Amino acid sequence: MKKILFLFPFLFLSFCVLAQDDEEPAFKLGLTAHPTLGWIKSDIDNVDGKGVRLGFSYGLLADINFADNYAFSTGLKLTTINGRTEAVAGSTNSEQVFKLQYIEIPAKLKLLTNDNNGVKFFGEFGLGNGLNIKAKQDNTSTITADNADNRDIYNQTAFYRGSIIIGAGTEISTTGRTKILAGLSFDNGFTDIKKGDGSLKNAYLGINIGVFF
């Protein structure tokens, strides 16, 4: 199942390139770099998500138009999703900061309004596919021996992260085919970010900034 989800964006991309629209560029390629606000959801007894943490995302964007006002949107991004949990067991209190880094390949349907003086608004919905490449954890505990910074937890972390993405924003034409992209997206993870019993899931709000060339 994971292999199918991973290959889906590329299969769809190949299909959409064949369905070019004569009035609009069939393919738009761009760059993005923007902050993320991440948090963790827990269903483990005595472990709760606590607050949000700042992360960052950057990489390539690609839109493939397959009909008027409709596009398949994907990309290749390096995204850091940080989050914090608090665990209480008797008199022991500990706080964990998760610093997880993923290669993300989203697969989204993008719906755009008609052009109005060089401005288009859009909404998008789709599937996020994240491949974990780095996982660190800071631990602060009332038991001093348990304290640690940047502990490597990659082997205890799930490789694949699936999520649902919903977002909205605007595209502003400048010169030629160049477009400035700005918007917000909510990326809600639905797979466990760790191995073993219990479940921790992460999510983030992306403050999207990018440019299409």
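Which ring does the charged end of Lys110 sit over? Keep that in mind while you open the predicted model; the exercises below start there.

**Exercise 1. Charges over rings**

Task: Find the ring beneath the charged end of Lys110, then say which ring face Lys28 lies over.

Solution:
- Start at Lys110: its charged end sits over the ring of Phe122, at 4.3 Å from the centre.
- Move on to Lys28, which lies over the face of Phe212, 4.9 Å from the ring centre.
- Both distances can be checked against the cut-off of 6 Å for a charge over a ring.

**Exercise 2. Aromatic pairs**

Task: Search the whole structure for aromatic pairs and classify the pairs you find.

Solution:
- The search gives two aromatic pairs.
- Take Trp39 and Phe186: the ring centres are 6.0 Å apart and the planes meet at 10°, so this pair is stacked. The cut-off behind that step is that planes under 30 degrees apart count as stacked.
- Now place the partners. Trp39 belongs to strand 1 (residues 27–42) and Phe186 to strand 10 (residues 179–189), so the pair ties together parts 147 residues apart in sequence.
- Turn to Phe56 and Tyr58, whose ring centres lie 6.4 Å apart with planes at 40°, so the pair is tilted.
- Finish with accessibility. Trp39 is partly exposed at 24%, and Phe186 is partly exposed at 31%. Phe56 is partly exposed at 40%, and Tyr58 is partly exposed at 43%.

**Exercise 3. The surroundings of Tyr58**

Task: Which residues is Tyr58 in contact with, leaving aside its neighbours within four places in sequence?

Solution:
- Locate Tyr58 in strand 3 (residues 53–67).
- With the neighbours within four places in sequence left aside, the contacts of Tyr58 are Thr32, Ala33, Leu76, Lys77 and Leu78.
- For a backbone check, compare Tyr58 with His34: they are 24 residues apart along the chain, and their C-alpha atoms are separated by 6.4 Å.

**Exercise 4. Nonpolar cores**

Task: Which residues make up the largest nonpolar core, and which strand gives the largest share?

Solution:
- List the 12 residues of the largest nonpolar core: Ile40, Val47, Ile81, Ala87, Phe98, Leu100, Tyr102, Ala135, Ile153, Ile193, Leu200 and Tyr204.
- Sort them by strand. At least two residues of this core come from each of strand 4 (70–89), strand 5 (92–104) and strand 11 (200–212).
- Strand 5 gives the largest share, three residues.
- Zoom in on Leu100, a member of this core. Beyond its neighbours within four places in sequence, Leu100 is in contact with Thr79, Thr80, Ile81, Asn82, Lys134, Ala135, Thr157, Ile193 and Asn202.
- Apart from the largest core lies another, of six residues, including Leu61, Ala71, Phe122 and Phe212. Phe122 and Phe212 are familiar from Exercise 1, where Lys110 sits over Phe122 and Lys28 over Phe212.

**Exercise 5. The cavity**

Task: How many cavities of 30 Å³ or more are there, and what lines the largest cavity?

Solution:
- The count of cavities of 30 Å³ or more comes to one.
- The largest cavity holds about 310 Å³ of space.
- Its lining has 27 residues, and those closest to the centre are Leu61, Lys77, Lys108, Glu124 and Asn208.
- Assign the lining to strands: strand 1, strand 3, strand 4, strand 6 (107–112), strand 7 (119–141), strand 10 and strand 11 each supply at least two residues.
- Strand 11 contributes the largest share of the lining, six residues.
- Two names link back to earlier solutions: Leu61 is also in the core of six residues, and Lys77 is a contact of Tyr58.

**Exercise 6. Positive phi**

Task: Where do Asn69 and Asn117 lie, and are they buried, partly exposed or exposed?

Solution:
- Asn69 has a positive phi of about 70° although it is not a glycine. Asn69 is in the loop between strand 3 and strand 4, and is partly exposed at 27%.
- Asn117 has a positive phi near 55°, again in a residue other than glycine. Asn117 is in the loop between strand 6 and strand 7, and counts as exposed at 77%.

**Exercise 7. The whole chain**

Task: What does the secondary structure of the protein chain come to, and what percentage of its residues count as buried?

Solution:
- The protein chain has one helix and 11 strands, and along the sequence the pattern is α-β-β-β-β-β-β-β-β-β-β-β.
- Of its 213 residues, 46% count as buried.
- Among contacts between residues at least 6 apart in sequence, 66% join residues at least 24 apart.

Notes. Residues are numbered from 1 along each chain as its sequence is written. This is a predicted model: local features need pLDDT of at least 70, side-chain atom pairs count only at pLDDT 80 or more; totals for chains, interfaces and linings use all residues. Side-chain values use heavy atoms; hydrogens and water are left out. Rings of Phe, Tyr and Trp (its six-membered ring) pair if their centres lie within 6.5 Å; planes under 30 degrees apart count as stacked, over 60 as edge-to-face and the rest as tilted. Helices (H or I, at least four residues) and strands (E, at least two) are DSSP runs, numbered from the N terminus. Buried means under 20% relative accessible area, exposed over 50%, partly exposed in between (1.4 Å probe, protein chains only). A charge sits over a ring if NZ of Lys or CZ of Arg is within 6 Å of the ring centre and within 35 degrees of the ring normal. Contact means heavy atoms within 4.5 Å. A nonpolar core is a set of buried Ala, Val, Leu, Ile, Met, Phe, Trp, Tyr and Cys residues joined through side-chain atoms within 4.5 Å. On a 1 Å grid over the protein atoms alone, a cavity is a set of points where a 1.4 Å probe fits but cannot get out, and a pocket is an open set with protein on both sides within 12 Å along at least five of seven lines; lining residues have an atom within 4 Å of a point. Grid points are joined across faces, edges and corners, and a volume is the space filled by probe spheres set on the points.
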